[in-house]
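Colleague: Hi! Could you walk me through this one when you have a minute?
Modeller: Sure, let me put it up first.

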Number of protein chains: 2
Amino acid sequence: MSRSIRIAIDAMGGDLGPQVAIPGAAMALERRPDLKFVLTGDEAKIAPLLDAHPALKAASELRHTAVAVAMDARPSQALRQGRYHSSMWMALEAVKQGDADIALSAGNTGALMAMAKFCLRTMGGVDRPAIAGLWPTMRGESVVLDIGASIGADAAHLVDLAIMGAAMARIVLDIEKPTVGLLNVGVEEVKGLEVVKEAGRILRESDFPHLSYHGFVEGDDIGKGTVDVVVTEGFTGNIALKAAEGTARQFAAHLRAAMSSSWLTRLGYLLARSAFDALRERMDPRRANGGVFLGLEGIVIKSHGGTDALGFASAIELGYDMARFDLMSNIRALVLGRDGPLATAGQA
Amino acid sequence: MSRSIRIAIDAMGGDLGPQVAIPGAAMALERRPDLKFVLTGDEAKIAPLLDAHPALKAASELRHTAVAVAMDARPSQALRQGRYHSSMWMALEAVKQGDADIALSAGNTGALMAMAKFCLRTMGGVDRPAIAGLWPTMRGESVVLDIGASIGADAAHLVDLAIMGAAMARIVLDIEKPTVGLLNVGVEEVKGLEVVKEAGRILRESDFPHLSYHGFVEGDDIGKGTVDVVVTEGFTGNIALKAAEGTARQFAAHLRAAMSSSWLTRLGYLLARSAFDALRERMDPRRANGGVFLGLEGIVIKSHGGTDALGFASAIELGYDMARFDLMSNIRALVLGRDGPLATAGQA
């Protein structure tokens, strides 16, 4: 039997803290019985919730702290006040100490990244960490990164993103050699930012064994699923992701309004209920919940702060897959192997 | 009676050239009978189509040229081959000579911008031209710029965009003092690019009389309609726009698939038909067809290359409104008035 996958959860993160984290963990445990948890946070708030989930309680170690990082804290402020003894820090520390494979928090993204860099350190060979997300597409899902960690990027950073994104796609999408595209304003070679062109040149010429470089892709290629991995710097990636989420919500709201506009449309809605349920599930943002911090000496998952237990469970399961298929070793081999004899060390 | 609005149309631009441009112009003329046209392009192809639309023929002057700019031409190539005698150039030239108020083309965006800069010149006081689009939102429509002309921007350019976008919003959205937001990765003051922060500082401190500076907005605020004018540089703007368009198409495709999945859902679809038609119209990209080139000594409208006659007519009507409400003088007054006594010259 394989060993357990251990997730350290900052139970105080997110808008509702343990009220979402604990039922979410219980839900994930039902589906992945080999999970173990390190839960960090306020015992007085967590313990009563744990009592309602005996299986989770049995699979968890609770590490108490009364300090929690506020959702609106600035990263520097969070570091000053929350280092060493906040629930967020203690979840990261559990990974650093080898007590957990993955750290997960629904807390403040900037604070989590600042603490993760300080606690876990950036991986050797990687310039700056990034956040990767799973984007639902017409073909399934694609890995999109960076969705908010790095503002601006040089060509070398975009190449790092391509390599780390491909390593994640191998695991999450189960593709041996994922296709990678660089987000640009046009598909012709002449267009776009100099750094994007330079990164394209490097990716084409380097011919990395673990990814297939597709070329430039445009904004609408993300949803089409043209490539498995979409690479851009964090400013554009974050805005593209949120613009798309906004459009999906807008579409859903218009659809709701249209379907309740008359008794005939309401009857039609009832008859076609199953179709709407299928659509809702397909476009459900909770299914793709969880940004993955890449490029650190440890994997950190950021759940959406406003998610519910189901979304939190999805983020846990994302972390589960990462740990199970050893994302860390994969990335390390790929990143370190770029310039030396290790170049094929990460191959399956 | 007010004078006519005169539109110069590059009839050869777009995937289908005059086959879309001529019926589109005829459609626009039906709705706006005070329109006059200068049509540029191949007489042998345009004249037979005009014969089918006698009212349009009577309202049009046809300027023949056999030269057309290819849809895939590079800007430099298009300039070399198409300057002075292409249909695209001749439409711009008509504006320069005062024979038309607006130039419109469904041709290659890069070529059109390069030629427009060369023919019409950049407006004094404006650094670089931009392309503005109308984005359908939960509240109606917002002006979003730049959606693809400028790659990268300094703070002064973002401020130019804010001023030009507000001038356009005043006309298109009929709002005396439009709200303006700067696109950023977070609403807190601490986040994001230095240039975006600097532009925010200038907009807040300058207190321009024709716009109300809202602060930073995020990607999902665009679809919410949080502000009337969303400002960002062209790389991010183009990618956000296309990512959102992609999501809308994805949603529509999933909805179609779901509604035809069983006889029950198909029956439901038939009963709720009116709702789907309303939704389709609401999310119809043709309604918002037309990018507006701002910051030149003349207004140029870029229609989507793949649009149909209805979409082309929408682009013409957008140009009609711009000319009717004298966007040029508005922008000129606002841009030039920034530092001097003209600061209130553009007020209604």
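**Loops, bridges and symmetry**

Modeller: Let's start at A:Asp174, which sits in the loop between H7 and strand S7 (179–183) of chain A. Keep in mind that this is a predicted model.

Colleague: OK. What is the phi of A:Asp174 like?
Modeller: Phi of A:Asp174 is positive, about 55°, although the residue is not a glycine. Most residues other than glycine have a negative phi.

Colleague: And is A:Asp174 buried or exposed?
Modeller: A:Asp174 counts as exposed, at 67% relative accessibility.

Colleague: What about B:Asp207, how does its phi look?
Modeller: B:Asp207 is a residue other than glycine with a positive phi, near 50°. You'll find B:Asp207 in the loop between helix H8 (194–206) and strand S8 (212–217) of chain B. B:Asp207 is exposed, with a relative accessible area of 56%.

Colleague: Peptide bonds next. What kind of peptide bond joins A:Leu145 and A:Asp146?
Modeller: A cis one, with omega at about 5°. A:Asp146 is placed in the loop between strand S6 (141–145) and helix H7 (155–172) of chain A.

Colleague: And what joins B:Leu145 and B:Asp146?
Modeller: A cis peptide bond as well, and there omega is about 0°. B:Asp146 is in the loop between strand S6 (141–145) and helix H7 (155–172) of chain B. For background, most peptide bonds are trans.

Colleague: Back to chain A. What does A:Asn238 touch?
Modeller: Leaving out residues up to four places away in sequence, A:Asn238 touches A:Asp146, A:Ile147, A:Gly148, B:Val185 and B:Glu218. A:Asn238 itself is part of helix H10 (residues 234–259) of chain A.

Colleague: Buried or exposed, that A:Asn238?
Modeller: Buried: A:Asn238 has 9% relative accessibility, and the cut-off for buried is under 20%.

Colleague: Let's do charges. How many salt bridges does the structure hold?
Modeller: There are 28 over all chains.

Colleague: Pick one in chain A for me. Which residue does A:Lys224 pair with?
Modeller: A:Lys224 forms a salt bridge with A:Asp220, and their closest N and O atoms are 3.8 Å apart. The two are separated by about one helical turn, because they are four residues apart in helix H9 (residues 219–224) of chain A. A:Lys224 is partly exposed at 42% relative accessible area, while A:Asp220 counts as buried at 15%.

Colleague: Which residues are linked with that pair in a network of salt bridges?
Modeller: The network links A:Asp220, A:Asp221, A:Lys224 and B:Arg249.

Colleague: And in chain B, where does B:Lys224 come in?
Modeller: The side chain of B:Lys224 meets that of B:Asp221 in a salt bridge, at 4.0 Å from N to O. Those residues are three apart in helix H9 (residues 219–224) of chain B, so about one helical turn separates them. B:Lys224 is partly exposed, with 41% relative accessible area, and B:Asp221 is buried, with 12%.

Colleague: Got one between parts that are far along the sequence? What does B:Arg31 bind to in a salt bridge?
Modeller: B:Arg31 forms a salt bridge with B:Glu317, with the closest N and O atoms 3.0 Å apart. B:Arg31 belongs to helix H1 (residues 18–31) and B:Glu317 to helix H13 (residues 309–324) of chain B, so the pair ties together parts that are 286 residues apart in sequence. B:Arg31 is partly exposed, at 42%, and B:Glu317 is buried, at 12%.

Colleague: Changing topic: what about the largest cavity, how much space lies in it?
Modeller: About 40 Å³. The structure holds one cavity of 30 Å³ or more.

Colleague: Which residues line the largest cavity?
Modeller: Among them are B:Gly13, B:Asp15, B:Leu16, B:Ala106, B:Thr307 and B:Phe312. By class, the lining has five nonpolar, five polar and one charged residues.

Colleague: Last thing, how can chain B be laid on chain A?
Modeller: By a turn of 180° and a shift of 0.0 Å along the axis, giving an RMSD of 0.1 Å. That is the relation of a two-fold axis.

Colleague: Which residue of chain B comes closest to the rotation axis?
Modeller: B:Gly268 does, with its C-alpha at 1.8 Å.

Colleague: And why do we say the copies meet through the same surface?
Modeller: Because 100% of the interface residues of chain B are also interface residues in chain A.

Methods:
Residues are numbered from 1 along each chain as its sequence is written. Chains are lettered from A and ligands numbered from 1 in the order in which they are written. This is a predicted model: local features need pLDDT of at least 70, side-chain atom pairs count only at pLDDT 80 or more; totals for chains, interfaces and linings use all residues. Side-chain values use heavy atoms; hydrogens and water are left out. Buried means under 20% relative accessible area, exposed over 50%, partly exposed in between (1.4 Å probe, protein chains only). On a 1 Å grid over the protein atoms alone, a cavity is a set of points where a 1.4 Å probe fits but cannot get out, and a pocket is an open set with protein on both sides within 12 Å along at least five of seven lines; lining residues have an atom within 4 Å of a point. Grid points are joined across faces, edges and corners, and a volume is the space filled by probe spheres set on the points. Ala, Val, Leu, Ile, Met, Phe, Trp, Tyr, Cys and Pro count as nonpolar, Asp, Glu, Lys and Arg as charged, and the others, Gly among them, as polar. Copies are superposed by least squares on the C-alpha atoms of residues with pLDDT of at least 70 in both. Contact means heavy atoms within 4.5 Å.
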